[in-house]
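Me: I would like to go through this model by asking, for each label attached to it, what the label rests on. Please set each value against its criterion before drawing a conclusion.

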Amino acid sequence: MNIQGQAALVTGGASGLGEATARELARLGAKVAVLDLNAALAEKVAAEIGGIACACDITQADSVNAALDKAEAAHGPARILMNVAGIGSAKRIVGKDGNAAPLEDFVRVVNVNLIGAYNISRLFAARCAKLEPMEGGERGTMLFTASVAAFDGQVGQQAYSASKGGLVGMTLPMARDLAQHGIRVCTIAPGLFATPLLKELPEPVQQSLAASIPFPPRLGKPSEFAELACHFVTNGHLNGEVIRLDGALRMAPR
Ligand SMILES: NC(=O)c1ccc[n+]([C@@H]2O[C@H](COP(=O)([O-])OP(=O)(O)OC[C@H]3O[C@@H](n4cnc5c(N)ncnc54)[C@H](O)[C@@H]3O)[C@@H](O)[C@H]2O)c1
């Protein structure tokens, strides 16, 4: 699909990998809607790229539908959905105090990262499936953002890894489901990227994380994620696949 002129939605578009993706889409000529819980940051990014901010919570159907309506009124029906919003957590299943991890933490992370991404995807897909097909019968593309933690999660990452593993497991059946509608689905599993989250860590910690990456021994640039996300849109044969983007990193247990 040619990105130029298309309406695109980016969840988590107010920060980090989502922000970089929103910026790259805009650079390539897309009309970008920045969907994020953080309304103020979404407005800032949208203003800078000539897009529109749609404050929303991806876990809430009403909130998502309102955002999709707002984006569609401004840009027309979207054919590109980039699911980048997500949250982290670190909790051992049995804490140092001997107590079981609180269930609420697991539920919260899976609810945002997995169920939230599924929620907006099903609502987007239903709208996209009704659009006129373009060249080759294609109607749209949908990307998910997992993590290498889906495969090599570290100590304390049960909730995060389960949520990201859920996205990995969902990718192929979703691509198969949506094949009849001409909608492609892929997932990127990033390694360690220099987003606000990691930049808050002390410099020596950042350096030791970077040094753990075989090559290149540095944190990934959000722009590198954004380039692959946009390549997925333009490469019509890329479908049903999970792509690690990690400099050959395999995370150690801790
Ligand atoms: N940074 C990394 O190294 C890295 C590595 C692997 C995977 N990831 C994944 O990439 C994605 C982006 O990470 P990031 O580092 O850019 O994080 P970030 O915190 O900079 O950005 C995440 C954005 O998602 C938004 N968000 C959170 N919950 C939301 C909800 N319920 N509804 C709408 N928006 C919501 C936040 O407001 C925030 O703007 C996440 O899914 C993360 O798990 C990041």
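Reply: The turns below take up a strand, the spaces, a ring pair and some backbone features of this model, which is a predicted one.

Me: Why is strand E5 called largely enclosed by the rest of the structure?

Reply: Buried means under 20% relative accessible area, and six of the six residues of E5, which spans residues 140-145, are buried, so the strand is largely enclosed by the rest of the structure. The burial holds for both faces, since Gly-140, Met-142 and Phe-144 point one way while Thr-141, Leu-143 and Thr-145 point the other way, and all are buried.

Me: How do you know that E5 pairs with strands E4 and E6?

Reply: Pairing requires at least two bridges between two strands. Strand E4, residues 80-83, is joined to E5 in the parallel sense over three bridges, with Met-82 standing opposite Leu-143. Strand E6, residues 183-190, also runs parallel to E5, and six bridges join them; here Met-142 of E5 stands opposite Val-185. Both counts, three for E4 and six for E6, therefore satisfy the requirement of at least two.

Me: What makes a β-α-β unit with E4 and E5, and what is its hand?

Reply: Helix H4, residues 103-128, is the helical part of the unit that E4, H4 and E5 make, and the unit is right-handed. The term right-handed applies where, with the strands pointing away from the viewer, the path from the first strand over the helix to the second runs clockwise.

Me: What makes a space count as a cavity here, and how many are there of 30 Å³ or more?

Reply: A cavity is a set of points where a 1.4 Å probe fits but cannot get out, and by this rule the count comes to one of 30 Å³ or more. The largest cavity holds about 50 Å³ of space. Its lining includes Asn-83, Asn-113, Ala-117, Phe-144 and Thr-145, and the elements that give two or more residues to the lining are H4 and E5. By class, the lining residues divide into six nonpolar, four polar and no charged.

Me: How does the largest pocket differ in kind from a cavity, and what lines it?

Reply: A pocket is an open set of points, whereas the probe cannot get out of a cavity. The largest pocket contains about 1,400 Å³ of space, and of the 48 residues that line it, Gly-86, Ile-87, Gly-88, Tyr-160 and Leu-197 are the closest to its centre. Helix H1, strand E2, helix H6 and helix H7 each supply at least two residues of this lining, which by class has 27 nonpolar, 16 polar and five charged residues.

Me: Why is the pair of Phe-193 and Phe-225 called edge-to-face?

Reply: Rings pair if their centres lie within 6.5 Å, and planes over 60 degrees apart count as edge-to-face. The ring centres of Phe-193 and Phe-225 are 6.5 Å apart and their planes stand at 85°, so the pair is edge-to-face. A search of the whole structure finds one aromatic pair, and this pair links distant parts of the chain, with Phe-193 in the loop between E6 and H7 and Phe-225 in helix H9, 32 residues apart. Under the 20% limit for burial, Phe-193 counts as buried at 7% and Phe-225 is buried at 0%.

Me: What makes the peptide bond between Phe-215 and Pro-216 worth a remark, and is Pro-216 buried, exposed or partly exposed?

Reply: Most peptide bonds are trans. The bond that joins Phe-215 and Pro-216 is cis, with omega at about -5°. Pro-216 lies in the loop between helices H8 and H9, and its relative accessibility of 26% makes it partly exposed, since that class runs between 20% and 50%.

Me: What is to be said of phi at Ala-248, and why is this residue called partly exposed?

Reply: Most residues other than glycine have a negative phi. Ala-248 has a phi near 70°, a positive value in a residue other than glycine, and it is located in the segment after strand E7. With a relative accessible area of 48%, Ala-248 is partly exposed, because exposed would require over 50%.

Note on methods. Residues numbered from 1 in each chain as written. Predicted model: local features only at pLDDT ≥ 70, side-chain atom pairs only at ≥ 80, totals over all residues. Heavy atoms only, no water. Buried < 20%, exposed > 50% of the residue type's maximum accessible area, 1.4 Å probe, protein only. Helix = DSSP H or I, 4+ residues; strand = E, 2+ residues; numbered from the N terminus. 1 Å grid on protein atoms, 1.4 Å probe; cavity = no way out; pocket = protein on both sides within 12 Å on 5 of 7 lines; lining within 4 Å. Points joined across faces, edges and corners; volume = space filled by probe spheres on them. Nonpolar A, V, L, I, M, F, W, Y, C, P; charged D, E, K, R; others polar. Phe/Tyr/Trp six-rings, centres within 6.5 Å; stacked < 30°, edge-to-face > 60°.
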